[in-house]
Amino acid sequence: MKITQSELIEFADEQNLIVFGKSKHITSKLKSLQRLIQRGLIPKPKWEGGNFDSFWENDSEIKEQVLWIDEKIKEGISYRQMKEELESEKTSPPEGLIAEDLILTINDLLEINPGSSEVLFFKVKILYLLGKREEALKILQSLETKCKDNKEFLFFVYDEMAHIYHNFDAKEEELKTCQKLISLAEEMGDNEKLGAAYCDMGNCIRDREMEMAFEYFQRSVDLSEGSDSLGDAYGSMYWIQQQKGNFSEAEKYLKKSLEIFIQSNNKQKECVSKANLGVLYLKSNRLSEALKLMQEAYHTACQLHDLDGEAAITGNIGNIYLKRGLFPKAIEHFRHAYHIASQIKHPRAQKVWLIMMSKVYKEMGNIKKSEFYLKESKKIEDLSNVNKEDKKQTISIKSKENEIFKISAFDIE
């Protein structure tokens with residue numbers, strides 16, 4: 001929604017912010033707002049001409065920026081230091097610049113060989129790294145139609161689609177794609193691929209069919225000996241055991257997973273396993289061990305330019321600081337996690353970190369800021385249709401042994 005300069009000042013007054021000064025006169029506050037715009041701390045608003053007020057398109061984003069500036073003022077941070085911090089966040093890391101260059105190279109290759117499926121799939125992987133998931137998904141959807149006769153290649157297309165749907169929290173589409181993965185792996189008679197497909201299906205349904213998900217993970221283990229899919233299955237089984245409160249069993253599965261990925265030199269999955277082990281230690285109140293693992297995992301995620309990983313890990317580091325009662329540090333990490341999740345359009349993660357900021361401000365006694373972040377989280381919930389009434393449908397999935405499993409799936413409209 002749009003918000004004008006005057007409305008932004010009204011918001012600051014409602015929140016008892018000092019960001020635009022302590023004067024009660026609107027003219028003085030407008031001047032302060034203009035100074036912040038000139039200093040590059042607030043983006044320049046749009047103006048449509050005539051007698052209309054200048055405005056910003058995204059009210060949530062600009063309100064959040066004003067809250068951030070207000071906090072920095074209260075911490076005694078200078079405007080110059082704020083600007084440096086903002087600029088450092090905007091600067092693309094080297095991996096991001098390399099990925100952007102790769103996109104240009106891929107486009108050159110596509111000019112030479114238009115429609116090359118392999119080059120397009122490589123482009124999908126790079127777009128995923130850059131957080132351009134919607135663009136990646138459109139290419140995958142076109143490849144699904146184009147490559148129906150190439151089952152080997154089609155399997156990788158479906159696998160990538162399932163991961164993107166999972167991040168978008170598009171449960172119906174994710175479930176259908178996992179069904180296609182299982183059917184395709186069965187047609188190919190490829191046990192390793194079937195094990196990977198079972199693991200994807202388990203992750204898809206685990207929130208609502210935990211026991212069935214665990215069965216899929218166990219089937220994946222049985223089929224995946226000697227491949228990285230075995231580590232994926234153990235890593236997923238950890239989550240089920242953690243949810244049940246079986247922390248020792250969960251730790252056992254995670255350590256198996258971590259060992260497999262270290263041996264195969266799979267840095268991305270090693271990073272995930274370390275981060276998950278950190279989460280487990282956090283839940284077990286082993287905070288020092290948790291922080292050490294999280295920091296190691298975050299360093300790797302940054303090196304790999306894994307934005308999903310960066311968001312999840314920095315958010316969980318915030319949870320460690322929250323448990324230690326270090327509220328400003330917790331907010332700093334939750335905010336960073338929220339901004340990365342926004343960048344890669346991950347609504348589920350955005351909502352989580354907004355709720356956590358709301359929780360911390362409530363703990364600090366700042367009810368207005370707590371309510372603000374809670375309202376923002378509900379806006380995201382509305383936009384992603386998470387709060388709509390779920391419709392259940394029964395879907396039959398043919399397994400390798402021709403058994404029929406009945407899965408209760410949510411039909412999100």
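# Exercises on salt bridges, helix packing and backbone angles

Of the 413 residues of the chain, 51% count as buried (buried means under 20% relative accessible area, exposed over 50%, partly exposed in between, with a 1.4 Å probe and protein chains only). This is a predicted model, where local features need pLDDT of at least 70, side-chain atom pairs count only at pLDDT 80 or more, and totals for chains, interfaces and linings use all residues. Residues are numbered from 1 along each chain as its sequence is written, and side-chain values use heavy atoms, with hydrogens and water left out.

## Exercise 1: the chain as a whole

Task: state how many helices and strands the chain has, and what share of the contacts with a separation of 6 or more comes from residues 24 or more positions apart.

Solution.
- Step 1. The chain has 19 helices and four strands. Helices (H or I, at least four residues) and strands (E, at least two) are DSSP runs, numbered from the N terminus.
- Step 2. Contact means heavy atoms within 4.5 Å. Among contacts in the chain with a separation of 6 or more, 56% come from residues 24 or more positions apart.

## Exercise 2: a salt bridge between two loops

Task: find what the side chains of Lys46 and Glu57 form, and explain which parts the pair ties together.

Solution.
- Step 1. Apply the cut-off: a salt bridge is a side-chain nitrogen of Lys or Arg within 4 Å of a carboxyl oxygen of Asp or Glu.
- Step 2. Lys46 and Glu57 form a salt bridge, at 3.3 Å from N to O.
- Step 3. Place the residues. Lys46 lies in the loop between helix H2 (26-38) and strand S2 (55-56), and Glu57 in the loop between S2 and helix H3 (59-74), so the pair ties together parts eleven residues apart in sequence.
- Step 4. Check accessibility. Lys46 is partly exposed at 46%. Glu57 is partly exposed at 41%.

## Exercise 3: further salt bridges

Task: describe the salt bridge of Glu211 and Lys244, then that of Glu289 and Arg286, and name the residues of a network of salt bridges.

Solution.
- Step 1. Glu211 and Lys244 meet at 2.9 Å, N to O. Glu211 sits in helix H11 (residues 210-223) and Lys244 in the loop between helix H12 (228-243) and helix H13 (247-263); the pair links distant parts of the chain, 33 residues apart.
- Step 2. Glu211 is exposed at 52% relative accessibility. Lys244 is partly exposed at 37%.
- Step 3. Glu289 and Arg286 meet at 3.0 Å, N to O. Glu289 has a relative accessible area of 38% and is partly exposed. Arg286 is partly exposed too, at 28%.
- Step 4. A network of salt bridges links Lys267, Glu270, Lys274, Lys292 and Glu296.
- Step 5. The structure holds 29 salt bridges.

## Exercise 4: two helix pairs

Task: describe how H12 packs with H13, and how H9 packs with H10.

Solution.
- Step 1. Two packed helices are described by the angle between their axes and the distance between the axes. Axes are lines fitted to C-alpha atoms, for helices over the stretch in contact, and angles run from 0 to 180 degrees between N-to-C directions.
- Step 2. The axes of H12 and H13 come within 8 Å and cross at roughly 160°. That makes H12 roughly antiparallel to H13 (under 35 degrees is roughly parallel, over 145 roughly antiparallel, 65 to 115 roughly perpendicular, the rest oblique).
- Step 3. H12 and H13 cross in a left-handed way (the near helix is turned anticlockwise from the far one by less than a right angle; clockwise is right-handed).
- Step 4. Helix H9 (residues 171-188) and helix H10 (residues 191-205) pack at about 160°, with axes 9 Å apart. H9 and H10 are therefore roughly antiparallel to each other. The crossing of H9 and H10 is left-handed.

## Exercise 5: positive phi

Task: which loop holds Asn16, and is His305 buried or exposed?

Solution.
- Step 1. Asn16 is not a glycine, yet has a positive phi of about 60°. Asn16 lies in the loop between helix H1 (5-14) and H2. Asn16 is exposed at 55%.
- Step 2. His305 has a positive phi near 55°. His305 is in the loop between helix H15 (287-304) and helix H16 (307-323). At 7% relative accessibility, His305 is buried.
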